[in-house]
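I opened this structure as a newcomer and kept notes on what I looked up, entry by entry.

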Amino acid sequence: MRRLALPALAATLALTGCTAQPADRPLSVFAASSTRLINDDLAARTDIDVAINNGGSSALVQQLYDGAPADLLITASAATMDRAASHGDVETPEVLATNTMVMVVPKGNPAGLASLEDIDASTRLVLCDAQVPCGALSAKILDAKGLTVTPYSLESQVANVLGKIASGEADAGLVYSTDATSSDDVETIHIDGAEKFPNQILGAVVAASPRRDEAHAVLDLLDYGFDAEWRKYGFTPVK
């Protein structure tokens, strides 16, 4: 299928007398929780009306598999995107950006933690569940350091981890660096070696979408024309 860049798509729609937004619904974007930071910028950069559903990558892929209507899928790991691709639910994925994991603590760091290695049995540590990308990545980092922990809670998406730390309910949590910079209520502690485990943000057009040209246009924007916005929130664009 021919992929149209955003200006080309707009011109094509104008020539055919069509509009970028049919009357029934906006372009549906299923996007990983960690990418919620870019929602407003994405909506502002495109003339296509988009409705963004943020959630855990695994849950979004399952919703897609169960038949939920979506036009574009953005996940926070290759593994979850591979699941969607193996089901035939999406077209060929594109790697859009990367980020890394950090540890966050409540403002003032009441538990006095200086590194991930300071975590012990008394630390209320919040992690993502291993079934979602942020949890799988946390497990890899902990394993690489030879650390065994008993989480205070396991969350279905990274936003929930950040929320529990920002509220002071827990002592520490592992989140993406991009999430850490989004809150004034947490402090960030660097994790040595985390850069060896970069997290990929991937996008793919949903195979069953009736609006694949528009979905490709938005994907092209994220892939080739969104560097400043990715960097604004701490992501590293790959193109």
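**Notebook: a helix, a strand and a disulfide**

I began with helix 8 (residues 212-224), whose 13 residues reach 18 Å from the first C-alpha to the last, close to the 18 Å expected at 1.5 Å a residue, where the expected span is 1.5 Å times one less than the number of residues. Helices (H or I, at least four residues) and strands (E, at least two) are DSSP runs, numbered from the N terminus.

I noted that this is a predicted model, in which local features need pLDDT of at least 70 and side-chain atom pairs count only at pLDDT 80 or more, while totals for chains, interfaces and linings use all residues. Residues are numbered from 1 along each chain as its sequence is written, and side-chain values use heavy atoms, with hydrogens and water left out.

I then looked up burial (buried is under 20% relative accessible area, exposed over 50%, partly exposed in between, with a 1.4 Å probe and protein chains only). In helix 8, 10 of the 13 residues are buried, so the helix is largely enclosed by the rest of the structure; among them are His216 and Leu219.

Next I turned to strand 6 (residues 125-128), where Leu125 and Leu127 on one side and Val126 and Cys128 on the other are all buried. Strand 6 runs parallel to strand 7 (residues 153-155), joined by three bridges, and I recorded that strands pair if DSSP finds at least two bridges between them.

Last, I found a disulfide (cysteine sulfur atoms within 2.5 Å) between cysteine 128 and cysteine 134, S to S 1.9 Å.
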